[in-house]
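User: I'd like a close look at one buried spot in a loop, and then how the rest of the chain is put together around it. Could you walk me through it in one go?

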Amino acid sequence: MNFDWLAWSNPVAIWWCFLLVVSATNIALWFLLHRRFRRWSPRARRGLLRVEILVLLCAAYVFGCAFRSVLPRADVQRISLFDTWLSSVLVGRSVATIAELCFVLQWAIVLRQLAHMTKADTSRNIAKTIVPLILLAELCSWYAVITTNYLGNTLENSLWAVTFLLIAVALLRLMNDFRGPVRLALGLAIAGITVYLVFLVRIDVPMYFARWQTDAANGKELFGVLAGLHDLGTRWTVTHDIAQWQDEIAWMSLYFSLAVWSSLALGGFGLVKHRLPQYRLRPANASMVSRRHSPPVAREPRPAPTPRTH
């Protein structure tokens with residue numbers, strides 16, 4: 001590999017170093033999380049299996065994003081930083097698909113457990129919906145990278161926006177059942193999702209839509225399925241030019257940092273799950289309402305006092 005491009009004068013080099021530092025930090029955080037679970041697991045009971053699944057799903061996302069950080073690439077453009085078969089779109093997209101499905105499975109599991117705890121049907125139904133939506137988004141992504149048609153990316157990111165809008169609705173519903181730090185954590189998650197949705201709607205989706213329109217206006221010839229599969233596995237162009245990467249830097253930087261941190265937070269859900277009932281609102285309110293509206297209990301009349309005899 002040629003590293004002559006690594007210089008402070010090259011913005012791409014600075015960006016890549018940032019990705020390396022973030023990825024190393026994320027991996028270290030995952031190992032800390034895993035170590036915490038190892039210490040906690042002897043006291044765990046039947047819920048241990050589900051907790052470990054969350055940690056394993058988190059590992060797939062953390063290490064998948066680290067791989068994509070070390071070897072960045074832009075799929076449809078077929079550009080990468082390094083000339084290696086690991087930089088091929090076929091490899092990178094496969095890793096990304098597995099990682100993203102694991103990420104949304106984390107959300108589905110946590111939402112389902114919170115919904116079960118609070119009897120929230122809305123959140124439970126959303127937990128069932130988001131995985132199929134992201135499966136469809138992954139199909140759109142593969143269509144885009146195979147054919148080089150940006151319409152697939154437009155649909156993919158639109159589906160991600162719909163998915164996280166539903167997750168925000170589920171979290172809003174759950175906020176009604178909690179107080180204190182749990183309510184604060186849910187509020188912070190909703191705020192983060194809101195920022196993400198604004199980014200998707202204002203920047204990401206319009207960018208891909210504009211690229212699709214430009215290609216359509218220029219009469220770009222798209223690949224068929226077989227030709228596209230061969231192309232994405234064999235062709236990549238190495239470039240360290242900021243002009244080629246500038247549209248990818250924003251979403252990649254946020255994706256490989258903030259999104260991974262949210263996955264780590266979901267992975268640690270099992271460590272705090274047993275404490276959540278003490279922050280519930282509904283049970284206390286329900287008992288007060290039941291006492292307030294329950295009919296008065298009929299009391300038996302007291303027997304008349306027996307007169308004393310002298």
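Analyst: Let's start with S87, which counts as buried because its relative accessibility is 2%, and the cut-off for buried is under 20%. Keep in mind that this is a predicted model. S87 sits in the loop that runs between β2 (79-80) and α3. Its side chain reaches the backbone oxygen of F82, at 3.2 Å. If you skip the neighbours within four places in sequence, the residues in contact with S87 are L71, R73, S80 and F82.

Now for the strands. They make an open sheet of three, ordered β1-β2-β3, and the pairing is mixed. β1 (73-74) and β3 (237-238) are the edge strands, each with a single partner, so one side of each has no neighbour in the sheet. β2 and β3 run parallel and are joined by two bridges. I79 has T237 in β3 as its bridge partner.

Stepping back, the chain has 10 helices alongside the three strands. Read from the N terminus, the order is α-α-β-β-α-α-α-α-α-β-α-α-α. Of its 310 residues, 46% count as buried. Take the contacts between residues at least 6 apart in sequence: 78% of them join residues at least 24 apart. As for the surface, the chain exposes about 17,300 Å², and carbon and sulfur atoms supply 65% of that.

On to the inside. In soluble globular proteins, nonpolar side chains tend to be buried together. Here the largest nonpolar core has 76 residues, and W107, L111, I130 and L171 are the ones with the most contacts inside it. Among the elements giving two or more residues to this core are α1 (11-40), α2 (48-70), α3 (89-118), α4 (121-147) and α8 (242-267). The largest share, 11 residues, comes from α5. I130 is a good place to zoom in: leaving aside neighbours within four places in sequence, I130 is in contact with V104, W107, A108, L111, T163 and I167. There is also a second, separate core of five residues, including W142, V145, I146 and L232.

The aromatic rings are worth a look too. The count comes to 17 aromatic pairs. One of them is Y61 with F103, a stacked pair at 4.5 Å centre to centre with 15° between the planes. That pair links distant parts of the chain, since Y61 is in helix α2 and F103 is in helix α3, 42 residues apart. Both Y61 and F103 are buried. Y61 and F103 also belong to a cluster linked by ring pairs, together with W107, W160, F164, Y196, W251, Y255 and F256.

Last, two more loop residues to set beside S87. K119 is in the loop between α3 and α4, and K119 has a positive phi of about 60° although it is not a glycine. T148, in the loop between α4 and α5, likewise has a positive phi, of about 65°, and is not a glycine. Their surroundings tell them apart: K119 counts as exposed because its relative accessibility is 59%, whereas T148 counts as buried because its relative accessibility is 3%.

How values were computed. Residues are numbered from 1 along each chain as its sequence is written. This is a predicted model: local features need pLDDT of at least 70, side-chain atom pairs count only at pLDDT 80 or more; totals for chains, interfaces and linings use all residues. Side-chain values use heavy atoms; hydrogens and water are left out. A nonpolar core is a set of buried Ala, Val, Leu, Ile, Met, Phe, Trp, Tyr and Cys residues joined through side-chain atoms within 4.5 Å. Buried means under 20% relative accessible area, exposed over 50%, partly exposed in between (1.4 Å probe, protein chains only). Helices (H or I, at least four residues) and strands (E, at least two) are DSSP runs, numbered from the N terminus. Contact means heavy atoms within 4.5 Å. A polar contact is a pair of N or O atoms within 3.5 Å; within protein, one must be able to donate a hydrogen and the other to accept it, and residues adjacent in sequence count only if both atoms are side-chain atoms. Two strands pair if DSSP finds at least two bridges between them. Accessible areas come from the Shrake-Rupley method with a 1.4 Å probe; for residues, only the protein chains shown count as cover. Rings of Phe, Tyr and Trp (its six-membered ring) pair if their centres lie within 6.5 Å; planes under 30 degrees apart count as stacked, over 60 as edge-to-face and the rest as tilted.
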